[in-house]
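Welcome! Please open the structure in your viewer and work through the exercises below at your own pace, trying each one before reading its solution.

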Amino acid sequence: MKAFVYAIRSFGRELRSGEVVVLLAAVALAVAALTAVGFLTDKIGRAVARQANEVLAADLRLLSPEQIPQEWRDAAERFGLQWAETQSFPSVVFAGDANALATVNAVSSGYPLRGTLRIADRLFGEQRVVDGIPARGKVWADGALMARLGVDVGDTITLGESAVTIEAVLTYRPDQSIGFASLAPTLLVNIEDVPASGLINEGSRVRYALLVAGEESAVDEFYADVEERLPEEVRMRNREDSSERASNAADRAQRFLSLTAVISLLLSAVAIAMSARRFAHRRMDTVALMKSLGASQRFVISAASVQLVMLGIAGVIVGSVVGFAVEEMLTRMLAGMIQGDLPDAGWGPVGLASGAALILLVGFALPSLIQLRNTPPLRVLRHDAMPPPPSRLLVAGTSLAAVAVLLYQAIPDGRMLAIVLGGMLVTAAALYLAGRLLVALMGRSRGAVGIAWRYGLANVARRGRDSAVQVVAFGLGLTVLLLLSFVRTDLLDGWKRSLGEDAPNHFLINIQPQERGSIAEIFQSAGIAAPQFVPLVRARMTEINDESVKTREYPMDEGEWMANREANLTWADELSTSNEILDGDWWEPGYDGEPLVSVEEEAAMEMGLVLGDRLRFLVAGQEVEATVTTFRKVNWDSFQPNFFLVLSPGALEEFPTTYVSSLQIDDEQQDVLLSLVRAHPSVSVIDLGAILEQVQSIISKASLAVQAVFVFTLAAGIAVLFAAVQSTIDERRFESAMLRALGVRRRTVLSGVLTEFAALGFAAGLLASVGASILAAVIADQLFDLDYSFNPMLWIAGLGGGILLVCASGYIAARGAINAPPADVLRAA
Amino acid sequence: MSNRSGKNNAVLAAENVSKQVSSPEGSLTILSDVSFSIGAGESVAVVGASGAGKSTLLALLAGLDLPTEGRIWLNGASLTELDEDGRAAVRAASVGFVFQSFHLVPSLNALENVMLPLELAGVDDPRKTAVNILREVGLAERARHYPSQLSGGEKQRVAIARAFATEPAVLFADEPTGNLDSRTGDLVMQLMFDLNRNSSTTLILVTHDRSLAARCEREIALDSGRLVADSRAAA
């Protein structure tokens, strides 16, 4: 007979046994965790890319000094892409006698393709997201422009030869950072109004742009199609240009999530190994019988393998369904954080997850299968005849190989992989030892307690090895959950505290030197301390140690970007309070010699700078060379104006300079801003509060989603517990029956069992609380520069949650053993 | 080599078979220098007190275990020279079992349990053969029932059907009535002897039930691992 036929025939009834359910659950959990994480990282990656695209207001932006030819639009249409056009040019607009220079942004319907426009109904009024663009004859004007013209919403202004009505205050457009150099405030108009204005003539300085967006693959195809045909002067900007930094962050998030998925995966693997052991053990009698009836070893192992694979497939199906359900849930959770509709996650993550789960199954179940194969047929006559235990080398070899294969997906670098694997082994060993220590301590204490307690604690101690594994598995699941639920809020609170009550919430930029005095007076008269003005000089770095920044080799890609971008320079006599010198010496007070420069540490590292390097800048057509004398650490969270490059006093003073400033303005003081922009229309005000709020909402939504993924880790811990209880269920059934036959009440047996699980839960909770606290302190110190304060709630939740969860799941797993009628059990034994 | 020809005619033969196992107290001899041969169609009871070595002898004769010393032939094959799969193949072709605790596969129904050895031996149309033999043991209407749905006597009848299904050269029965009440036990044994008579199967019955042993043609008695008597019932 074919082993396959036998395997299929008996599969249905095998499914009813407890260890099969646990095995199935463990595989399903691994698949679900991986699918959900795969999906989540995919979404986060896309969200980051989208947000980067928002800066372009499109997925791809073609910039040209000439009118956009029809064939580009046709090409966009051909690839099924959305498109929009913009024309941008400077123009003086009039309102009665007043006039001001504006950057006219004429846009076609559909703009912006990515991101949204925000407008307000009055100056400094509440802003709202708006769909669409101004209707013909209407414009949305930057508040600064309105202040300069002295007009309000509803007023009419003159744009070239036509009169247009200001319909709203434009507070935000996604691509406002593009062409930042033109500091004239924006006037957003309908592109169809441009011809009537007569503003675009031969020789006008207009920047035309074609914006396209759509399916990633279609955008790529479009890109490839038009790339070669583009004239020299046309520039193309896509996500890659604008999102390198963002995607780095996404990469890191992806790694982090993948690692948490690996933890779920490893716990699932432990559950798989335990239940596979039980799976094999329960089949020994049948295998011995089959062998006595003449079945070969090959038949036996084939039949068991087929059943295991079928289980694996069933687990994959269940896991994928759960994974998809979680995906649906996460999509809802992330709604708002990710703008627009994201394409559904594909089958890719499911395929990967299924492959991973099957690898786990093979790696962790194989030793048990091989042991099963060696079951002596003699067992049909002598029940104590057992196959030799699988060799430790085989167990360690196959499981390590499986883990290595899986990790290699996340860390495709041999050395790193070895380090991570080694780290995991050491961590697992340390956790296991801690678990055993706890178990041993609890075993010791049993002399001091009553019968039920003694029975429970004796059980924990007797199954020392399995108990320790359960404590560690459950503890790990609990640790990550605690870390996210408590530590996240603790850290966010800590961060807010570190910002301080009077952290600036508004930035002022583009302040002319002569405006400083009068701006200080405006604030002082409103009862606000005069802000500090920090000089800003625009420059471009040209050479580092006489080598062009374009050709220089950089240790990191970010360094190249940093060196080649337009640089904002400042100078200072004294070190800002939000800065700290890491290396080198700050210049003497009153220093007025050769230009020196202090570089922010990360920027220095990315560009590969060392003290003594010479940086050459092009400032307003002149060259300035400065020697690097210090590296600084900057506390960006301070919301003070800070710079990557700070020069010594005197180095830049002769160049055109504007000033920036930051200050705290409460809601009730908003009117002062109105007087400010009326008096100083060229000054731009940026509201940090709104941005901060957005950041916090994104963080809390994202961490909620991550937490959902961590629930899998806890579930995997529960699976380990179930597997462990399953592996002792016969023993438990017999013991319970024995005790009850001896006259012990069912309730006493039950409290003994609950004591056992409570003890395990306590140990797991203790491990988790200690682990989460240590990790939190490390994270706070190393990553966030915060002092972590002890949170008693974390310990209460850790210990309480541990005891409750382990008791509940342990009771469910073991209740069959406690409730079985003693007579049946003893007769069967 | 004087008894060589005898072994060739015998369906089952043991020659100087000993079995030692290691235990915490040192090496333990379970069987010592046991020799006999059994012809085709014989019914033989192996008797002795608990611990006399009956079950060990049965395990060795069926190739479930290997002797420490000596040789065993079963239906022409030298079991002691075969590996585990080789011995399994011999069992598939020539051996049937009836056990004290029935040993039905719990996940297969009665019919499938009976089909199992037929399928392992590669018999054509195992279902038809299995249905027929289940009818012979009076369980045709129970064919679809799982072991957990059958009484002890019914289980043993399924086990007997399974044992005879392949028309084995040798049928080993290990205390087949040990888990049954005496009335059911009698019925089951009657069935087994009837089937044995109707086929040319050799029956090796391990028991400590004297009356059961008395129904066999021959009795081999063991005591502390030694063969102490080999007697034929008066014809």
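Here are six short exercises, each with a worked solution.

This is a predicted model, in which local features need pLDDT of at least 70, side-chain atom pairs count only at pLDDT 80 or more, and totals for chains, interfaces and linings use all residues. Residues are numbered from 1 along each chain as its sequence is written, while chains are lettered from A and ligands numbered from 1 in the order in which they are written.

**Exercise 1. Chain A in outline**

Task: Find how many helices and strands chain A has, and what share of its residues counts as buried.

Solution: Start with the elements, which are DSSP runs numbered from the N terminus (helices: H or I, at least four residues; strands: E, at least two). Chain A has 23 helices and 22 strands. Next comes burial: a residue is buried if 20 or more other C-beta atoms, placed from the backbone, lie within 10 Å of its own, exposed if 12 or fewer, and partly exposed in between. By that rule, 43% of the 829 residues of chain A are buried. Finally, take contacts, where two residues qualify if their C-beta atoms, placed from the backbone, lie within 7 Å. Among contacts in chain A with a separation of 6 or more, 84% join residues 24 or more positions apart.

**Exercise 2. Nonpolar cores**

Task: Work out which residues have the most contacts inside the largest nonpolar core.

Solution: A nonpolar core is a set of buried Ala, Val, Leu, Ile, Met, Phe, Trp, Tyr and Cys residues joined through C-beta atoms within 7 Å. The largest one has 201 residues, and V27(A), I272(A), A719(A) and V720(A) have the most contacts inside it. Now zoom in on A719(A): leaving aside neighbours within four places in sequence, its contacts are V22(A), A25(A), A26(A), L29(A), S268(A) and A271(A). Another core, of 92 residues, lies apart from the largest one and includes V104(A), A213(A), F523(A) and L652(A).

**Exercise 3. Where the chains meet**

Task: Describe the side of chain A that touches chain B.

Solution: Count first: 18 residues of chain A are in contact with 24 residues of chain B. Then locate them: on chain A, the elements giving two or more residues are α1 (3-14) and α8 (244-292). Lastly, sort by class, with Ala, Val, Leu, Ile, Met, Phe, Trp, Tyr, Cys and Pro as nonpolar, Asp, Glu, Lys and Arg as charged, and the others, Gly among them, as polar. This side of chain A has eight nonpolar, six polar and four charged residues.

**Exercise 4. A sheet in chain B**

Task: Establish the strand order of the open four-stranded sheet in chain B.

Solution: Strands pair if DSSP finds at least two bridges between them. Nine bridges join β1(B) to the antiparallel strand β2 (residues 26-38) of chain B, and V21(B) has L28(B) as its bridge partner. These two strands form a hairpin with two residues between them. Five bridges join β1 (residues 12-23) to β4 (residues 69-74) of chain B, again antiparallel; here E15(B) stands opposite R71(B) and S18(B) partners E69(B). The full order is β2-β1-β4-β5 in chain B, with antiparallel pairing. β2 and β5 (77-78) of chain B each have a single partner strand, so one side of each lacks a neighbour in the sheet.

**Exercise 5. Helix α6 of chain B**

Task: Compare the expected and modelled spans of α6(B), then see how covered this helix is.

Solution: The expected span is 1.5 Å times one less than the number of residues. For the 14 residues of α6(B) this gives 20 Å, and the end C-alpha atoms are 20 Å apart, which agrees. Twelve of the 14 residues are buried, among them V158(B), I160(B) and F164(B). The buried residues pack against β6 (95-98), α4 (110-120), α5 (126-136), β7 and α7 (182-198) of chain B.

**Exercise 6. Backbone exceptions**

Task: Locate two positive phi values and a cis peptide bond.

Solution: Recall that most residues other than glycine have a negative phi, and most peptide bonds are trans. E167(B), in the loop between α6 (152-165) and β7 (170-174) of chain B, has phi near 45 degrees. With 16 C-beta neighbours inside 10 Å, E167(B) is partly exposed. S224(B) has a phi of about 45 degrees and lies in the loop between β9 (218-223) and β10 (226-232) of chain B. The peptide bond from Y111(A) to P112(A) is cis, with omega near -10 degrees.
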